[in-house]
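Reader: I am new to reading structures, and words like "cavity" and "buried" puzzle me. Could you take me through them?

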Amino acid sequence: MPGQPEDGTEREAPAISLRAVRKAFGGVRAVDGVELDVAEGEFFSLLGPSGSGKTTVLRLIAGFETPTSGTVLLGGADVTGKPPFERDVTTVFQDYALFPHMSVEQNVAYGLKVRGAGRREQAERARAALDSVRLEGFGGRSPGQLSGGQRQRVALARALVVRPRVLLLDEPLGALDLTLREEMQSELKELQRDVGITFVLVTHDQTEALALSDRIAVMNAGRVEQVGTPGELYESPASAFVASFVGTSNTLTGAAAELIVGKAGTFGIRPEKIRVLPDTGDHDRTHHSEVRGIVADAVYLGDSTRVVVDTDAGARFVAVRQNLDTTAADALALPGSRVLLRWHRRHNVPLDPMT
């Protein structure tokens with residue numbers, strides 16, 4: 001039977017399935033044939049630049065947009081034509097959308113009130129939701145009395161209190177400063193593990209997606225370029241776009257690729273995989289690729305130094321090395337010097353199907 005494995009056991013339907021989903025706005029295809037499955041209890045991210053279609057995909061799942069064609073399923077049920085209030089999903093937005101005239105507890109309980117829950121149930125569940133995001137005792141305050149991180153947690157509690165099957169997060173940490181955003185990333189991942197429901201995060205921040213996600217869909221121009229775990233996307237990108245968007249990558253192609261890698265094709269090499277060595281004229285090409293060049297720039301970043309090298313092969317490389325012994329003065333002395341760049345051949349990652 002369809003939907004069952006060969007051993008005959010019942011296979012759980014994905015929390016979310018998108019089948020050949022397209023969404024056009026006039027002549028613009030914002031989403032172009034997306035196929036996607038998100039498992040129950042998974043922390044899944046939609047990652048991509050502005051205009052890649054990731055927010056539109058989230059809105060299609062939520063029911064705020066209707067696909068031009070294709071099917072949206074939640075838990076195996078077709079919800080393509082259903083409005084948001086008939087879908088077992090809740091959305092947390094970047095601006096939090098808290099009611100300023102209500103207390104924190106009233107904000108959290110609002111969804112229960114709309115659903116007709118009694119006052120006692122509203123209060124009990126709202127307090128439990130606030131406890132789950134570590135805001136015990138904050139129920140009587142107004143949103144204006146809270147920090148940005150606390151308001152974000154109130155928005156999460158308000159979403160979780162109705163016990164949705166899926167929680168959708170639309171750039172929820174984008175308005176926070178760097179330190180608070182990193183703190184909230186840790187809290188968000190811990191919260192997802194605690195509550196066990198499916199989270200779908202939309203973000204353009206690669207570091208955020210890598211830190212939080214079980215799996216990530218990288219989007220570009222309305223299409224899904226690649227779906228995989230953070231390790232799969234970083235170590236084995238399927239295209240030059242994924243290699244450049246998920247982290248930083250040196251791209252080798254043409255004559256430079258043939259000279260350095262030893263064969264035609266397009267390859268990506270991560271900057272941190274490259275050793276920057278003095279050019280002493282030695283060779284070690286048994287297991288390594290290497291190229292010589294002149295340092296064009298060196299940027300001291302505290303814990304590391306970013307070295308830009310114009311190579312003899314005609315390609316510009318970026319390498320990142322940890323400052324285990326390097327000082328700022330050492331880094332500033334690098335430009336103009338000749339160096340040898342060396343890395344293991346396994347780090348030459350093919351970026352085209354013909355490679």
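Author: Gladly! Helices (H or I, at least four residues) and strands (E, at least two) are DSSP runs, numbered from the N terminus. This is a predicted model, where local features need pLDDT of at least 70, side-chain atom pairs count only at pLDDT 80 or more, and totals for chains, interfaces and linings use all residues. Residues are numbered from 1 along each chain as its sequence is written, and side-chain values use heavy atoms, without hydrogens and water.

Reader: What makes a space a cavity, and how many of 30 Å³ or more are there?

Author: On a 1 Å grid over the protein atoms alone, a cavity is a set of points where a 1.4 Å probe fits but cannot get out. By that rule there is one cavity of 30 Å³ or more. The largest cavity holds about 70 Å³, a volume being the space filled by probe spheres set on the points, joined across faces, edges and corners.

Reader: Which element gives the largest share of its lining?

Author: That is α5, with five residues. Lining residues have an atom within 4 Å of a point; among them are Arg-153, Met-184 and Asp-194.

Reader: Why is Arg-87 said to have no salt bridge?

Author: A salt bridge needs a side-chain nitrogen of Lys or Arg within 4 Å of a carboxyl oxygen of Asp or Glu. For Arg-87, the nearest side chain of opposite charge (Lys and Arg count as positive, Asp and Glu as negative; His and the chain ends are not counted) is Asp-78, 7.3 Å away, so there is no salt bridge. Arg-87 is nonetheless buried, meaning under 20% relative accessible area with a 1.4 Å probe, protein chains only.

Technical notes
On a 1 Å grid over the protein atoms alone, a cavity is a set of points where a 1.4 Å probe fits but cannot get out, and a pocket is an open set with protein on both sides within 12 Å along at least five of seven lines; lining residues have an atom within 4 Å of a point. Buried means under 20% relative accessible area, exposed over 50%, partly exposed in between (1.4 Å probe, protein chains only).
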